Amino acid sequence: MFLQIKDTSDLVKITDIQELIDPNVNIVHGKDQTGQEEQDNDSFSKENLVFPSGESLPRCWLDANYRE
C-alpha cells in the first residue's frame with residue numbers, strides 16, 4: 001500500500017499493513033519512493049501520512065479510543 005507524506009508529498013510504500021491499522025502503534029515502517037532506486041526501510045509517524053488522494057487516515061487507525 002502506498003501513502004503520502006503530508007509535508008513533502010513523497011510516496012511511501014508501507015511494508016507492514018498490520019502496523020498501519022493498529023491504533024496502538026504510532027510508527028509504521030515503509031520505503032520512501034523518492035529517487036530511482038528502492039530505498040531501505042525507514043520509520044514514519046502515522047500523523048504525517050495521508051492517502052495519495054490527500055484524504056486523512058481513518059481515525060480508527062490512529063486512536064484506540066475512537067468510539068469514545
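These are my notebook entries on a predicted model, taken in the order in which I looked things up.

**Entry 1: the sheet**

I began with the strands and found that 5 of them form an open sheet, in the order E4-E3-E2-E1-E5, with antiparallel pairing. At the edges stand E4 and strand E5 (49-50), each with a single partner strand, so one side of each is left without a neighbour in the sheet.

I then went through the pairs one by one. E3 and E4 are joined in the antiparallel sense over 5 bridges, while E2 and E3, also antiparallel, are joined by 3 bridges. Between E1 and E2 I again noted 3 bridges and an antiparallel course, and between E1 and E5 I noted 2 bridges, with the two strands running antiparallel.

For the register I wrote down which residues face each other. Phe-2 stands opposite Lys-13 in E2, and Gln-4 stands opposite Leu-11 in E2. On the E3 side, Ile-14 has Gly-30 opposite, and towards E5 the residue opposite Ile-5 is Leu-49.

**Entry 2: the two faces of E2**

Which side chains of E2 are buried, and which are not? I found that they alternate along the strand: Val-12 and Ile-14 point to one face and are buried, whereas Leu-11 and Lys-13 point to the other face and are not.

**Entry 3: the nonpolar core**

The buried pair from E2 led me to the largest nonpolar core, which has 11 residues in all and includes Val-12 and Ile-14. Its other members are Leu-3, Ile-5, Leu-20, Val-28, Phe-44, Leu-49, Phe-51, Leu-57 and Trp-61. Strand E1 (2-5) and strand E2 (11-14) each supply at least two residues of this core. I set beside this the general remark that nonpolar side chains tend to be buried together in soluble globular proteins.

I looked up the contacts of one core member, Leu-3, leaving out residues up to four places away in sequence. Leu-3 touches Asp-10, Leu-11, Val-12 and Ile-14, then Leu-20, and further along the chain Leu-49, Val-50, Phe-51, Pro-52 and Leu-57.

**Entry 4: the hairpin of E1 and E2**

The hairpin of E1 and E2 has 5 residues between the strands, and Ser-9 lies in that loop. What I marked here is the phi of Ser-9, near 65°, which is a positive value in a residue other than glycine. With a relative accessible area of 46%, Ser-9 is partly exposed.

**Entry 5: Asn-41 and Lys-31**

Next I turned to the pairing of E3 with E4, where Lys-31 stands opposite Asn-41. How far apart are these two, in sequence and in space? They are 10 residues apart along the chain, and their C-alpha atoms are 4.9 Å apart. Asn-41, placed in strand E4, is partly exposed at 48% relative accessibility. Not counting residues up to four places away in sequence, Asn-41 touches Thr-15, Gly-30 and Lys-31.

**Entry 6: Gln-39**

From there I moved to Gln-39, which lies in the loop between strand E3 (27-32) and strand E4 (41-45). Gln-39 counts as partly exposed, because its relative accessibility is 31%. Apart from residues up to four places away in sequence, its contacts are Lys-31, Asp-32 and Thr-34. I also took the separation of the C-alpha atoms of Gln-39 and Lys-13, which is 9.9 Å for two residues 26 apart along the chain.

**Entry 7: the salt bridge**

I counted 1 salt bridge in the structure. Its partners are the side chains of Asp-63 and Arg-59, at 3.4 Å from N to O. Both partners are partly exposed, Asp-63 with a relative accessible area of 27% and Arg-59 at 49%. The general point I noted alongside is that side chains of opposite charge can pair when their charged atoms come close.

**Entry 8: a nonpolar patch on the surface**

Last, I looked for nonpolar side chains at the surface, and found a patch of about 230 Å² made by Met-1, Ile-17 and Ile-21. Ile-21 is found in helix H1 (residues 17-21). With a relative accessible area of 33%, Ile-21 is partly exposed.

Key: Residues numbered from 1 in each chain as written. Predicted model: local features only at pLDDT ≥ 70, side-chain atom pairs only at ≥ 80, totals over all residues. Heavy atoms only, no water. Core = buried A, V, L, I, M, F, W, Y, C linked by side-chain atoms within 4.5 Å. Buried < 20%, exposed > 50% of the residue type's maximum accessible area, 1.4 Å probe, protein only. Helix = DSSP H or I, 4+ residues; strand = E, 2+ residues; numbered from the N terminus. Contact = heavy atoms within 4.5 Å. Pairing = 2+ DSSP bridges. Salt bridge = Lys/Arg side-chain N within 4 Å of Asp/Glu carboxyl O. Patch = residues over 30% accessible without salt bridge, like charges linked within 9 Å, V, L, I, M, F, W, Y side chains within 5 Å. Areas by Shrake-Rupley, 256 points an atom, 1.4 Å probe, with all protein chains shown as cover.
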